[in-house]
Amino acid sequence: MIIREGTIADVEQMSAFLRELTASGKRVSPDSEEFVRSHYIEDVDKVRCSVADDGGFVLGFQSLKRAQAGNQWGVEPGWGIVGTHIRPSAARRGVGRTLFTATRNAAREAGLSHIDASIASTNAEALAYYEAIGFRTYRTPDGLICKRFDVLA
Ligand SMILES: CC(C)(COP(=O)(O)OP(=O)(O)OC[C@H]1O[C@@H](n2cnc3c(N)ncnc32)[C@H](O)[C@@H]1OP(=O)(O)O)[C@@H](O)C(=O)NCCC(=O)NCCS
């Protein structure tokens with residue numbers, strides 16, 4: 001498995017496993033190829049969208065964006081916002097943990113001081129994942145648990 005920057009050529013696979021996550025009740029956001037292209041690969045606020053690639057088979061991806069003023073998640077402007085999406089058949093094999101090494105490096109290079117992960121309070125596996133890689137809870141708006149990673153610590 002290698003970690004590399006996601007490209008337009010990955011969109012089809014990314015969308016396909018996002019649809020699997022939707023079908024299993026683990027995703028509520030859109031999952032179309034158009035959404036993947038505009039919100040992850042070509043998003044204007046993108047810092048990095050890393051994919052885990054196993055011989056051309058995309059195992060998962062992690063998106064890092066820079067929060068803008070008035071963003072819908074209420075994240076401090078200038079912080080990073082992370083999202084992690086692992087192909088169900090590749091879960092719990094260290095893909096997410098490996099992706100975060102690239103994301104953390106990208107955050108440092110971009111000069112981000114903190115990264116926010118806003119997680120549904122019912123999503124036990126994502127809460128456990130972010131806690132395991134060093135995120136800690138700092139606010140709990142309705143239905144969410146927001147965890148913060150201190151990039152420079
Ligand atoms: C949650 C998710 C991102 C974790 O990614 P992953 O590649 O499966 O996680 P890793 O294998 O790298 O696990 C790293 C650590 O996180 C924790 N963890 C991950 N999945 C877990 C689970 N299902 N239950 C408990 N702990 C878990 C463990 O501490 C794990 O370390 P260990 O395996 O040595 O015990 C992934 O399963 C996923 O994409 N889920 C569906 C989409 C989603 O909910 N995304 C987050 C939206 S905010």
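Visitor: What makes the pair formed by Gly-96 and the ligand a polar contact?

Guide: Happy to walk through it on this predicted model. A backbone N or O atom of Gly-96 is 2.8 Å from an oxygen atom of the ligand. A polar contact needs a pair of N or O atoms within 3.5 Å, so this pair counts as one.

Visitor: Which backbone atoms of Ile-86 and Arg-97 do something like that?

Guide: For Ile-86, a backbone N or O atom lies 2.8 Å from a ligand oxygen. For Arg-97, a polar backbone atom is 2.8 Å from an oxygen atom of the ligand. As for cover, the ligand taken alone exposes 920 Å², and the protein buries 76% of that.

Visitor: Which residues come nearest to the ligand?

Guide: There are 17 residues around the ligand, and Ile-86, Arg-92, Gly-94, Gly-96 and Asn-123 come nearest. By class, the shell holds eight nonpolar, five polar and four charged residues.

Visitor: Where does the largest share of that shell come from?

Guide: From H4, with five residues. Strand E4 (80-86), helix H3 (95-110) and helix H4 (124-132) each supply at least two residues of the shell. The space that the ligand takes is the largest pocket.

Visitor: Let's turn to Ser-15. Why is Ser-15 called buried?

Guide: Ser-15 has 0% relative accessibility. Buried means under 20%, so Ser-15 earns the word. Ser-15 sits in helix H1 (residues 11-23).

Visitor: How many residues separate Ser-15 and Gly-60 in sequence?

Guide: They are 45 residues apart in sequence, and 11 Å apart in space from C-alpha to C-alpha.

Methods. Residues numbered from 1 in each chain as written. Predicted model: local features only at pLDDT ≥ 70, side-chain atom pairs only at ≥ 80, totals over all residues. Heavy atoms only, no water. Near = heavy atom within 4 Å. Polar contact = N/O pair within 3.5 Å; in protein donor to acceptor, adjacent residues only side chain to side chain. Areas by Shrake-Rupley, 256 points an atom, 1.4 Å probe, with all protein chains shown as cover. 1 Å grid on protein atoms, 1.4 Å probe; cavity = no way out; pocket = protein on both sides within 12 Å on 5 of 7 lines; lining within 4 Å. Sits in = over half its atoms within 2 Å of the grid points. Helix = DSSP H or I, 4+ residues; strand = E, 2+ residues; numbered from the N terminus. Nonpolar A, V, L, I, M, F, W, Y, C, P; charged D, E, K, R; others polar. Buried < 20%, exposed > 50% of the residue type's maximum accessible area, 1.4 Å probe, protein only.
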